[in-house]
Amino acid sequence: KRLEGIDIELVNQKYSGSIEYTTHVQSYGWSQGWIGAGGVAGTMGQSKRLEAIKIQLTGDMANHYNVLYRVHIQGIGWQDWKSNGDLAGTEGQSRRLEAIQIKLVEK
């Protein structure tokens with residue numbers, strides 16, 4: 001099954017700052033800029049698949065943590081871990097993201 005949109009938030013954080021993300025969506029390409037915590041990147045109710053994602057931390061959170069993430073891609077499986085704004089997924093291959101794992105790792 002495809003992922004259509006995603007909303008990522010930090011909870012119980014020790015430092016100021018936030019998390020932001022951008023997605024590559026079927027037929028649309030990359031979303032307009034970075035979406036802040038609590039905002040939906042991708043679509044809702046349009047049946048468009050997420051094909052790639054980039055995630056990064058801001059403010060003091062970025063000084064103390066790395067954000068690591070990986071995606072499960074249709075027909076490929078789990079990709080290697082990416083971090084701090086790197087692209088996870090594919091562009092131009094029409095493959096859907098089927099799962100995303102995200103973790104914060106202290107520097």
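Reader: Which residues is Ala37 in contact with, leaving aside its neighbours within four places in sequence?

Author: A contact list tells you who meets whom in the fold. This is a predicted model, so each case here is read from predicted atoms. Ala37 is in contact with Ile8, Glu9, Ser18, Ile19 and Tyr21, once its neighbours within four places in sequence are left aside.

Reader: Where is the place of Ala37?

Author: Ala37 sits in the loop between strand S4 (35-36) and strand S5 (41-42). You can also set sequence separation beside distance in space. Ala37 and Gln93 are 56 residues apart in sequence, and their C-alpha atoms are 28 Å apart.

Reader: Is Ala37 buried or exposed, or something in between?

Author: Look at the relative accessible area and compare it with two cut-offs: buried is under 20% and exposed is over 50%. Ala37 has 38%, so the residue counts as partly exposed.

Reader: How far apart in space are Ser83 and Tyr69?

Author: Their C-alpha atoms are 6.2 Å apart, with the two positions 14 residues apart in sequence numbering. Ser83 belongs to strand S9 (residues 82-83). Not counting residues up to four places away in sequence, Ser83 touches Val67, Leu68 and Tyr69. With a relative accessible area of 25%, Ser83 is partly exposed.

Reader: Now charges, please. How many salt bridges does the count come to?

Author: For a salt bridge, look for side chains of opposite charge and check the N to O distance. The count here comes to two salt bridges. In one, the side chains of Glu51 and Arg49 meet at 2.8 Å, N to O. In another, Arg96 pairs with Glu98, and the closest N and O atoms are 3.0 Å apart.

Reader: Are Glu51 and Arg49 buried or exposed?

Author: Glu51 is buried, with a relative accessible area of 6%. Arg49 also counts as buried, at 17% relative accessibility. As for the other bridge, Arg96 is partly exposed at 25%, and Glu98 counts as partly exposed at 25% relative accessibility.

Reader: What is the nearest side chain of opposite charge to Glu20?

Author: That side chain is Lys54, 11 Å away. A salt bridge needs the nitrogen and oxygen within 4 Å, so Glu20 has none, although Glu20 is buried.

Reader: Which side chain makes a polar contact with the side chain of Glu20?

Author: The partner is the side chain of Gln56, at 2.5 Å. Glu20 lies in strand S2 (residues 19-25). Beyond its neighbours within four places in sequence, the contacts of Glu20 include Trp34, Ile35, Gly36 and Thr58.

Reader: What does His24 touch in strand S2?

Author: His24 has its place in strand S2. Leaving aside its neighbours within four places in sequence, His24 is in contact with several residues, among them Trp30, Arg49, Glu51 and Glu91. Two of those names, Glu51 and Arg49, appeared in a salt bridge above. His24 is buried, with a relative accessible area of 11%.

Reader: Where is the place of Glu91?

Author: Glu91 is in the loop between strand S10 (88-89) and strand S11 (97-106). Not counting residues up to four places away in sequence, Glu91 touches His24 and Trp30. The side chains of Glu91 and Trp30 make a polar contact at 2.6 Å. Glu91 counts as partly exposed, at 43% relative accessibility.

Reader: How do I read aromatic rings?

Author: A pair of aromatic rings is described by the distance of the centres and the angle of the planes. In this model the count comes to one aromatic pair. A charge can also sit over a ring, and then you read the distance to the ring centre. Arg70 lies over the face of Trp78, 4.4 Å from the ring centre. The charged end of Lys103 sits over the ring of Trp81, at 4.4 Å from its centre.

Reader: What is the phi of Ser27?

Author: Phi is a backbone angle, and for Ser27 it is positive, about 70°, although Ser27 is not a glycine. Ser27 lies in the loop between S2 and strand S3 (29-30) and counts as exposed, at 60% relative accessibility. Ser94 also has a positive phi, near 55°. Ser94 is found in the loop between S10 and S11 and counts as partly exposed, at 46% relative accessibility.

Key:
Residues numbered from 1 in each chain as written. Predicted model: local features only at pLDDT ≥ 70, side-chain atom pairs only at ≥ 80, totals over all residues. Heavy atoms only, no water. Phe/Tyr/Trp six-rings, centres within 6.5 Å; stacked < 30°, edge-to-face > 60°. Lys NZ or Arg CZ within 6 Å of the ring centre and 35° of its normal. Helix = DSSP H or I, 4+ residues; strand = E, 2+ residues; numbered from the N terminus. Buried < 20%, exposed > 50% of the residue type's maximum accessible area, 1.4 Å probe, protein only. Lys, Arg positive; Asp, Glu negative; His and termini not counted. Polar contact = N/O pair within 3.5 Å; in protein donor to acceptor, adjacent residues only side chain to side chain. Contact = heavy atoms within 4.5 Å.
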